[in-house]
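Reader: I would like to go through this model with you and ask, for each label you apply, what value stands behind it. Please set the value against the criterion each time.

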Amino acid sequence: MLEQKISRRTFIKGSLVAGAVAAFGGSLVPLKGAEAAEAPEASATKVVPTICEMCGVKCGVLAHVKDGRVWRLTGNPKDPQSGGRLCARGNAGTKTLYDPDRLKGPLKRVGDGKFEPISWEQAFKEIGEKLIELKGRYGPQTLVWLAHPELISPLEKHFMAAFGSPNYTGHGPTCYSSRNVAFEQMYGGVPGVDYRNIKYYIAFGRNLTGGIKNPDIQKIVAAKAEGAHLVAVDPRFNDFAYFADEWLPIRPGTDLAMILAMINVIIRENLYDASFVAERTVGFEELKAGVASYTPEWAAQITGIDAATIARIARELAAAKPAAAVDPGWHAVTGSQYYNSVQTARAVAALNALLGNLGAKGGLSFPPTIKFGDPGPLMGPKPPAAVAPRWDGAGGEKWPLNKAHGIIQIFPERVKEDKPYPVKAVVIQHLNPVRSSTNSAAFIEALKQLELVVAIDIQMNDTAYYAHYVLPEATYLERYDPLMTAGNKVILRQPAVQPLFDTKGAEEIIGGIAKAAGLGEYFNFTLEQYNDAMLAPLGLTQAELARTGVAEVAAQPPDYTKLKTPSGKIELACQAFVKAGSTLTPAWEPPLVEPKENEFRFIQGHVPMHTHTTTDNNAYLHALMPENELWINPARAAKLGIKTGDVVEVTSKVGSVKVKARVTECIHPEAVFLAHGFGCGVPLRKLAYNSGANGGALIPIITAPVSGAAAQCETLVTVRKAG
Ligand SMILES: Nc1nc2c(c(=O)[nH]1)N[C@H]1C(S)=C(S)[C@@H](COP(=O)(O)OP(=O)(O)OC[C@H]3O[C@@H](n4cnc5c(=O)[nH]c(N)nc54)[C@H](O)[C@@H]3O)O[C@H]1N2
Ligand SMILES: Nc1nc2c(c(=O)[nH]1)N[C@H]1C(S)=C(S)[C@@H](COP(=O)(O)OP(=O)(O)OC[C@H]3O[C@@H](n4cnc5c(=O)[nH]c(N)nc54)[C@H](O)[C@@H]3O)O[C@H]1N2
Ligand code: SF4
Ligand SMILES: [Mo]
């Protein structure tokens with residue numbers, strides 16, 4: 001017990017808990033004292049460079065191993081992302097590796113919530129036979145693969161191509177697909193922000209220190225120390241607002257109006273970079289005409305932010321150009337959460353273009369390109385193109401611009417309706433759609449209707465709980481993966497320890513299913529051969545890379561004069577959107593729903609100490625935040641007789657949850673906020689089970705136009721004190 005307390009305390013001290021750091025104005029330097037206190041590290045015998053997987057950012061870590069046990073994880077100083085520092089979740093990785101509740105071998109479902117061990121060979125055999133049977137009955141398109149796009153994705157896609165199904169589908173619509181669709185069309189790709197050199201930065205719902213990207217935080221902290229001005233726009237006083245210079249509590253769903261008004265000011269007052277606009281963009285005149293009526297006074301009525309502030313922010317932003325940027329965003333406002341998210345992302349893209357910041361120090365940038373070798377020749381004959389259209393319509397007539405992202409949230413509807421054809425089998429890898437998509441109950445119903453559900457995960461998540469077969473992948477500290485790149489660096493994931501249990505790397509699992517399904521010729525290679533083939537032109541091998549974990553290689557800088565758009569320039573006016581049924585230039589569209597007097601908009605987001613639904617059973621992170629609470633504004637709470645700590649019932653048109661209330665000025669009166677990642681419904685995960693509430697249970701299935709995004713914040717709820 002004492003040992004547990006001590007290790008927890010030192011962990012907290014040594015961690016980079018961004019919210020706390022921001023709140024106390026501290027720096028992000030790891031604490032020397034905490035390092036010294038880690039006794040096992042002093043006698044560590046081996047340090048293995050590898051890649052963190054406590055979230056998708058994939059920072060380089062050093063695993064300190066003694067007697068076959070990982071004692072401690074630190075940032076790899078040679079890694080361009082971590083620069084030697086990890087966030088709280090990265091530090092807590094050992095508790096995921098040694099989680100007593102993790103999956104320890106393959107399982108077969110034998111009843112509701114009941115599973116029995118099965119050997120890998122038998123599991124592969126049964127899954128393979130079932131796939132062959134279903135393919136014969138319904139065609140290969142009957143198989144859908146749902147996944148969190150990861151390093152292993154090329155092999156998952158290869159499996160699907162070999163099987164003959166076009167239905168590989170990621171989580172984009174619940175995360176970033178609106179932002180991606182907008183920037184792909186206007187910029188030819190999604191640029192990043194040069195946070196290190198920025199002078200003026202605006203985050204519309206980008207909660208940098210809550211939805212953490214460790215490298216970005218480190219850079220913006222340094223920029224702020226040198227005087228950068230940071231503006232947080234969010235209906236909630238979020239983690240980044242603590243750290244920023246100003247917070248603008250905007251009405252939810254209305255950021256688009258403020259951004260359009262800023263464009264209006266910058267054009268009207270000639271504050272834009274005229275030569276950049278002339279040389280590197282098309283459609284300026286159309287944009288100018290399009291925003292003419294969007295004055296700050298107009299936007300003030302919609303957003304609740306006064307006109308003078310909107311105009312001031314626009315002028316200040318323009319004055320700092322080109323080291324000034326509006327964050328393209330990630331998940332919330334531009335990413336996917338609103339019906340108007342594509343328009344919002346388009347407006348953000350246009351506003352940045354006016355600042356002439358693409359490729360400039362402190363502006364937006366694209367990564368360099370590394371010329372890898374082609375592992376194709378290793379991977380068997382080239383599979384013929386799939387003949388059926390996609391199950392979800394992505395890239396088709398209705399959503400022509402969403403070729404890459406898929407529309408995961410309509411899975412329950414498609415399964416139920418057997419449209420456009422019967423979907424009878426699904427493989428779900430590194431994904432928990434029962435909690436991360438929409439309408440949890442509908443997703444569970446869909447899973448129950450399928451003839452074959454295979455889940456590949458490291459733990460029994462809420463989706464795997466309804467699978468016929470649960471196949472445990474080795475955790476990131478026990479396996480290799482395909483290569484990772486960051487800038488001009490190539491980085492290798494490699495095992496710090498041998499798998500503790502009867503688990504396998506995903507490449508072996510996919511290969512095992514493939515062989516049993518008669519597709520062995522496509523998987524006659526090892527992961528090492530695959531990585532070696534990619535590294536060959538760079539004069540490296542996996543074995544060599546394993547020594548340092550990170551290698552600098554030749555990389556082609558981006559050519560900003562030839563963007564991957566039809567004109568080669570930034571398309572301020574963009575015909576592709578017109579073809580997809582939208583406007584030529586960014587234009588105002590209201591959010592889909594408006595709360596009535598007794599209703600709230602239900603908004604969600606991420607917290608610094610948890611990753612989605614992945615870390616709720618991690619003992620360290622659970623200790624930092626065991627459950628979520630519903631943030632509710634005092635004026636609204638008083639009317640409902642709700643006090644902090646009261647258990648409330650939150651009800652939408654698709655479900656209801658009970659959770660503790662937190663009455664706080666930090667949330668706009670029109671909205672309630674619930675941190676994502678809680679409310680696990682699987683008793684096998686003892687810490688997480690029933691801790692807090694699952695917001696996904698409340699979110700109706702909505703599909704936004706143009707992007708096919710899930711628009712999760714277009715959810716209305718009522719709140720009452722639970723009896
Ligand atoms: N610690 C941690 N870090 C993570 C993740 C994690 O799970 N945990 N996940 C990673 C992933 S996959 C992603 S996509 C990113 C997400 O990082 P972000 O895109 O920054 O997204 P969220 O954390 O979802 O934060 C969304 C914010 O939007 C606000 N918001 C809601 N509605 C509106 C609105 O109408 N206007 C404005 N201006 N704001 C609004 C919410 O209050 C919330 O603060 O984080 C990544 N990093
Ligand atoms: N209600 C609501 N829904 C949301 C969000 C929200 O804020 N609110 N956020 C959205 C966002 S931004 C995103 S990106 C998505 C994310 O949603 P998902 O992509 O579904 O991510 P998670 O919910 O974390 O589930 C990932 C699963 O991967 C497993 N896993 C972790 N590591 C490994 C590994 O190494 N191998 C394998 N095989 N499995 C592993 C975890 O155990 C977990 O079960 O959720 C979205 N959904
Ligand atoms: S941001 Fe944190 S959790 Fe994500 S990869 Fe980096 S250290 Fe790991
Ligand atoms: Mo995300």
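Reader: How many salt bridges does a search of the whole structure find?

Author: The structure is a predicted model, and a search through the whole of it finds 36 salt bridges.

Reader: What makes the pair of glutamate 246 and arginine 312 a salt bridge?

Author: The criterion asks for a side-chain nitrogen of Lys or Arg within 4 Å of a carboxyl oxygen of Asp or Glu. In this pair the closest N and O atoms are 2.8 Å apart, so the distance falls within 4 Å and the label applies. Side chains of opposite charge can pair when their charged atoms come close.

Reader: Why is that pair said to link distant parts of the chain?

Author: Glutamate 246 belongs to strand E11 (residues 246-248) and arginine 312 to helix H16 (residues 307-319), with their positions 66 residues apart in the numbering.

Reader: How do you know that domain 1 and domain 2 touch, and which residues supply most to the area that domain 1 buries?

Author: The domain assignment gives domain 1 as 8-97 and domain 2 as 107-171 + 370-477 + 502-537. Contact requires heavy atoms within 4.5 Å, and 11 residues of domain 1 are in contact with seven residues of domain 2. The area buried between the two is about 800 Å², of which carbon and sulfur atoms give 70%. Glu53, Lys58 and Leu97 supply 48% of the area that domain 1 buries against domain 2, more than any other three residues.

Reader: What makes the one salt bridge across that interface count as such?

Author: The rule finds one salt bridge between domain 1 and domain 2. Lysine 58 pairs with glutamate 150, their closest N and O atoms being 2.4 Å apart, and this is within the 4 Å cut-off, so the pair qualifies. Two residue pairs are also found in polar contact across the interface of domain 1 and domain 2. On the side of domain 1 that touches domain 2, strand E1 (46-51) and helix H6 (93-97) are the elements that give two or more residues, and H6 gives the most, with three residues. The residues of that side divide into six nonpolar, three polar and two charged.

Reader: Why is aspartate 457 said to be in polar contact with ligand 2?

Author: A polar contact needs a pair of N or O atoms within 3.5 Å. A polar side-chain atom of aspartate 457 lies 2.6 Å from an oxygen atom of ligand 2, so this pair meets the cut-off. Glutamate 473 places a polar side-chain atom 2.7 Å from a nitrogen atom of the ligand, and for glutamine 712 the corresponding distance to a nitrogen atom is 3.3 Å, which is therefore also within 3.5 Å.

Reader: Which residues come closest to ligand 1, and what polar contacts does ligand 1 have with backbone atoms?

Author: Ligand 1 is surrounded by 31 residues, the closest being Asn207, Gly253, Asp255, His331 and His610. Among the backbone contacts, a nitrogen atom of ligand 1 is 2.6 Å from a polar backbone atom of histidine 610, and an oxygen atom of ligand 1 is 2.9 Å from one of histidine 612.

Reader: How do you know that the bond between lysine 321 and proline 322 is cis?

Author: Its omega is about 5 degrees, and proline 322 sits in the loop between H16 and strand E13 (324-326). The peptide bond from lysine 419 to proline 420 is likewise cis, with omega near -5 degrees. Most residues other than glycine have a negative phi, and most peptide bonds are trans.

Technical notes:
Residues are numbered from 1 along each chain as its sequence is written. Chains are lettered from A and ligands numbered from 1 in the order in which they are written. This is a predicted model: local features need pLDDT of at least 70, side-chain atom pairs count only at pLDDT 80 or more; totals for chains, interfaces and linings use all residues. Side-chain values use heavy atoms; hydrogens and water are left out. Domain bounds come from an automatic or database domain assignment. Buried area is the accessible area (1.4 Å probe) that two parts lose on being put together, summed over both. A polar contact is a pair of N or O atoms within 3.5 Å; within protein, one must be able to donate a hydrogen and the other to accept it, and residues adjacent in sequence count only if both atoms are side-chain atoms. Helices (H or I, at least four residues) and strands (E, at least two) are DSSP runs, numbered from the N terminus. Ala, Val, Leu, Ile, Met, Phe, Trp, Tyr, Cys and Pro count as nonpolar, Asp, Glu, Lys and Arg as charged, and the others, Gly among them, as polar. A residue is near a molecule or strand if one of its heavy atoms lies within 4 Å of it.
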